[in-house]
Amino acid sequence: ANVLAVELDPTTAAISQYLYPHAHHMNNAFQNTHLSSPAFDLVIGNPPFGSQSLYDPDSPELRGFSIHNYFLAKSLKLLRDGGIGAFVVSRFFMDATDPTVREHISEYADLLGAIRLPETAFRQIALTDVTTDILFFRRHTGNSIRSKDWVSTETIDVEDVKEGGMKPATVNRYFALTGDRQIIGKLAFSGGMFRDALNCIAEPGVDLAKEIEQRLAVLPPEEYKPRITIEENTVQAATQN
């Protein structure tokens, strides 16, 4: 496979180059890479958290999106028809009351499945507690073949661990419909950095890797279709911009 890695920080880009010497590396801001052709088979990313917006001359329609949502929407735009996107994102993408970004993405990508991780998932490697989701998408050319339930949200009652009792919470309809099947732990208002923040609390002694593997079974194995013709020099052309 031809691999293209984009990284803004020069130190991290240098480490990436050392670890993956056979990949092509772009030490640049994502919005300045001039990547615009929908030609990639697979995109993997962990969009940066943040509410600030970016300007991308090749994707002006994304200028109103937060940096987090811009990275997700832009990455999916770069997939060829049938290409797969896999991302670790903030839960606020799926649970945001305003569905504008999800509606935009649904115009050219289907959600194949989602897994909600407990807030402690990245405690050891990132020294932070944050509820995140793993999302899998498949690019399409305007003809969605899967449910769009994930575009909307619902209000459900969850436990208020700090104050006691139950409390209404806004969650993505995908998780409201699948319930515990795709959530590792339980949703609750547990205090933490933000008093009214909804978090996913892990059960004691949970084997996170095993739990994720079990929930990957929701992904349809037939969704990825190899391209019939190969577009030559896609990565090479990108690195020359």
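Glu154 and Arg173 meet in a salt bridge whose closest N and O atoms lie 2.6 Å apart, in a model that is predicted rather than determined by experiment. The two residues bring together distant parts of the chain, since Glu154 belongs to strand E7 (residues 153–160) and Arg173 to helix H6 (residues 173–178), with their positions 19 residues apart in the numbering. Both ends of this contact have some access to the surface: Glu154 is partly exposed at 27% relative accessibility, and Arg173 is likewise partly exposed, at 25%.

Strand E7 carries another such link, because Glu159 also lies in E7 and is joined to a residue of strand E9 (residues 186–189), namely Lys186, 27 residues away. In this salt bridge the closest N and O atoms of Glu159 and Lys186 are 2.9 Å apart. Glu159 has a relative accessible area of 33% and is therefore partly exposed, and Lys186, at 35%, falls into the partly exposed class as well.

These pairs belong to a wider set, for the structure holds 10 salt bridges. One of them joins the side chains of Arg80 and Asp41, with an N to O distance of 3.0 Å, and it connects strand E4 (residues 79–90), where Arg80 is found, to strand E3 (residues 40–45), where Asp41 is found, across 39 residues of sequence. What sets the surroundings of its two ends apart is their accessibility: Arg80 has a relative accessible area of 8% and is buried, because that value is under the 20% limit, while Asp41, at 28%, is partly exposed. Salt bridges also form a network, in which Arg91, Asp95, Arg116 and Asp133 are linked.

The strands that hold Arg80 and Asp41 lead to the sheet. Strands of a sheet pair through backbone hydrogen bonds, in either a parallel or an antiparallel sense. Here 4 strands form an open sheet, in the order E3-E4-E6-E5, and the pairing is mixed. E3 and strand E5 (109–117) stand at the edges, and because each has a single partner strand, one side of each is left without a neighbour in the sheet. From one strand to the next, the twist averages 10°.

Within this sheet, E4 and strand E6 (residues 132–139) run antiparallel to each other and are paired over 7 bridges; looking along that pairing, the reader will find that Phe87 has Leu135, in E6, as its bridge partner. Helix H2 (residues 67–77) packs on the sheet and touches E3, E4, E5 and E6, its direction making about 160° with that of E4.

Ahead of E3 in the chain, the loop between E2 and E3 holds two residues that deserve attention. Gln31 is placed in this loop, and yet Gln31 is buried, with a relative accessible area of 15%. Apart from its neighbours within four places in sequence, Gln31 is in contact with Leu54, Tyr55, Asp56, Pro57 and Tyr70. His34 has its place in the loop between E2 and E3 too, but here the residue is partly exposed, with a relative accessible area of 41%. The backbone of His34 has a phi near 60°, which is a positive value in a residue other than glycine.

At the surface, Ile15, Tyr18, Leu19 and Tyr20 make a nonpolar patch of about 520 Å². Of these residues, Tyr20 is found in the loop between helix H1 (10–19) and strand E2 (24–27), and with a relative accessible area of 54% Tyr20 counts as exposed, because the value is over 50%.

Seen as a whole, the chain has a secondary structure of 8 helices and 10 strands. Of its 241 residues, 41% count as buried, and the accessible surface comes to about 13,200 Å², of which 54% belongs to carbon and sulfur atoms. Among the contacts in the chain with a separation of 6 or more, 63% are made by residues 24 or more positions apart. The salt bridge of Arg80 and Asp41, 39 residues apart, offers the reader one example of a link between distant parts of the chain.

Key: Residues are numbered from 1 along each chain as its sequence is written. This is a predicted model: local features need pLDDT of at least 70, side-chain atom pairs count only at pLDDT 80 or more; totals for chains, interfaces and linings use all residues. Side-chain values use heavy atoms; hydrogens and water are left out. A salt bridge is a side-chain nitrogen of Lys or Arg within 4 Å of a carboxyl oxygen of Asp or Glu. Buried means under 20% relative accessible area, exposed over 50%, partly exposed in between (1.4 Å probe, protein chains only). Patches are made of residues with over 30% relative accessible area and no salt bridge: like charges are joined within 9 Å, nonpolar side chains (Val, Leu, Ile, Met, Phe, Trp, Tyr) within 5 Å. Accessible areas come from the Shrake-Rupley method with a 1.4 Å probe; for residues, only the protein chains shown count as cover. Two strands pair if DSSP finds at least two bridges between them. Axes are lines fitted to C-alpha atoms, for helices over the stretch in contact, and angles run from 0 to 180 degrees between N-to-C directions. Contact means heavy atoms within 4.5 Å.
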